[in-house]
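Colleague: Could you take one buried spot in this model and give me a close look at it? I'd be glad if you then worked outward from there to the parts around it and the rest of the fold.

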Amino acid sequence: MWARNRGPKILRCGSESAGLGGAVILFRDMDAKDLKKAAVLGAGTMGNGIAQVCAQAGMEVVLFDIADAPLQKGLANIDAMLAKGVARGKMEQAEADTLRSRVSGSTDLAAAVAACDLVVEAVPE
């Protein structure tokens, strides 16, 4: 199935991972530069890293997890990685602040994926 000019279409596979299953999003006739908003499902090591990379690519990002504790830990990991980048001279504090401002968190799946151009599933199996 293809999603075309109607936002993302989520195809669910299985019922593992607290009922979220695996999500596969396919796009046609879309360039990476057209991606403005992304949702990353799963705030663990892979998820928060993907969210940070999406923010560095200029996207607004919603990091989703099913509970607030892992979500806050994921956001804190992003903060730590950005601080490390500043400390090592890889980026200025202003750039780190801008990147961090692009990332928000949510425990509401419907709200997290609303109006997203890209949805990435990074939920632990």
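**A close look at Ala39**

Modeller: Gladly! Setting aside residues within four places of it in sequence, Ala39 touches Val62, Ala112, Val113, Cys116, Leu118, Val119 and Val120. Please keep in mind as we go that this is a predicted model. Ala39 itself sits in strand 3, which spans residues 37–41. Its relative accessibility is 0%, so Ala39 counts as buried, the cut-off for that class being under 20%. Another pair to look at is Ala39 and Cys54: 15 residues separate them in sequence, and their C-alpha atoms are 9.3 Å apart in space.

Several of the contacts of Ala39 lead us toward the C-terminal part of the chain, including Ala112, Val113, Cys116 and Leu118. In that stretch, the loop between helix 4 (109–113) and strand 6 (118–121) holds Ala115. Whereas Ala39 is buried at 0%, Ala115 has a relative accessibility of 67% and therefore counts as exposed, being over the 50% limit. The backbone of Ala115 is worth a glance too: its phi is near 60°, a positive value in a residue that is not glycine.

Now let me step back to the whole protein. It has four helices and six strands, and from the N terminus the order of elements is β-β-β-α-β-α-α-β-α-β. Of the 125 residues, 37% are buried, and Ala39 is one of the residues that count as buried. Among contacts with a separation of 6 or more, 62% link residues 24 or more positions apart. The accessible surface is about 7,100 Å², with 55% of it belonging to carbon and sulfur atoms.

Next come the helices. Helix 1 (residues 45–56) packs against helix 2 (residues 68–87) at an angle of about 55°, and their axes lie 9 Å apart. That angle makes helix 1 oblique to helix 2. The crossing of helix 1 over helix 2 is right-handed. On the helix 1 side the contact is made by Asn48, Ala51 and Gln52, and on the helix 2 side by Gly74, Asn77, Ile78, Met81 and Leu82. Sorted by class, the residues of this contact are four nonpolar and four polar, with no charged ones.

Helix 2 also packs against helix 3, at an angle of about 160° and with the axes 9 Å apart. The two helices are therefore roughly antiparallel to each other, since an angle over 145 degrees is counted that way. Helix 2 passes helix 3 in a right-handed crossing. From helix 2, Leu75, Ile78, Asp79, Leu82 and Val86 meet Gln93, Ala96, Leu99 and Arg100 of helix 3. By class, this contact of helix 2 with helix 3 has six nonpolar residues, one polar and two charged. If you compare the lists, you will find Ile78 and Leu82 of helix 2 in the contact with helix 1 and again in the contact with helix 3.

Leu82 brings us to one last residue. Glu95 lies in helix 3 (residues 93–101), and its C-alpha is 9.1 Å from that of Leu82, with their positions 13 residues apart along the chain. Glu95 has a relative accessible area of 41%, so it is partly exposed.

Conventions. Residues are numbered from 1 along each chain as its sequence is written. This is a predicted model: local features need pLDDT of at least 70, side-chain atom pairs count only at pLDDT 80 or more; totals for chains, interfaces and linings use all residues. Side-chain values use heavy atoms; hydrogens and water are left out. Axes are lines fitted to C-alpha atoms, for helices over the stretch in contact, and angles run from 0 to 180 degrees between N-to-C directions. Angles under 35 degrees count as roughly parallel, over 145 as roughly antiparallel, 65 to 115 as roughly perpendicular and the rest as oblique. A crossing is left-handed if the near helix is turned anticlockwise from the far one by less than a right angle, and right-handed if clockwise. Contact means heavy atoms within 4.5 Å. Ala, Val, Leu, Ile, Met, Phe, Trp, Tyr, Cys and Pro count as nonpolar, Asp, Glu, Lys and Arg as charged, and the others, Gly among them, as polar. Buried means under 20% relative accessible area, exposed over 50%, partly exposed in between (1.4 Å probe, protein chains only). Accessible areas come from the Shrake-Rupley method with a 1.4 Å probe; for residues, only the protein chains shown count as cover.
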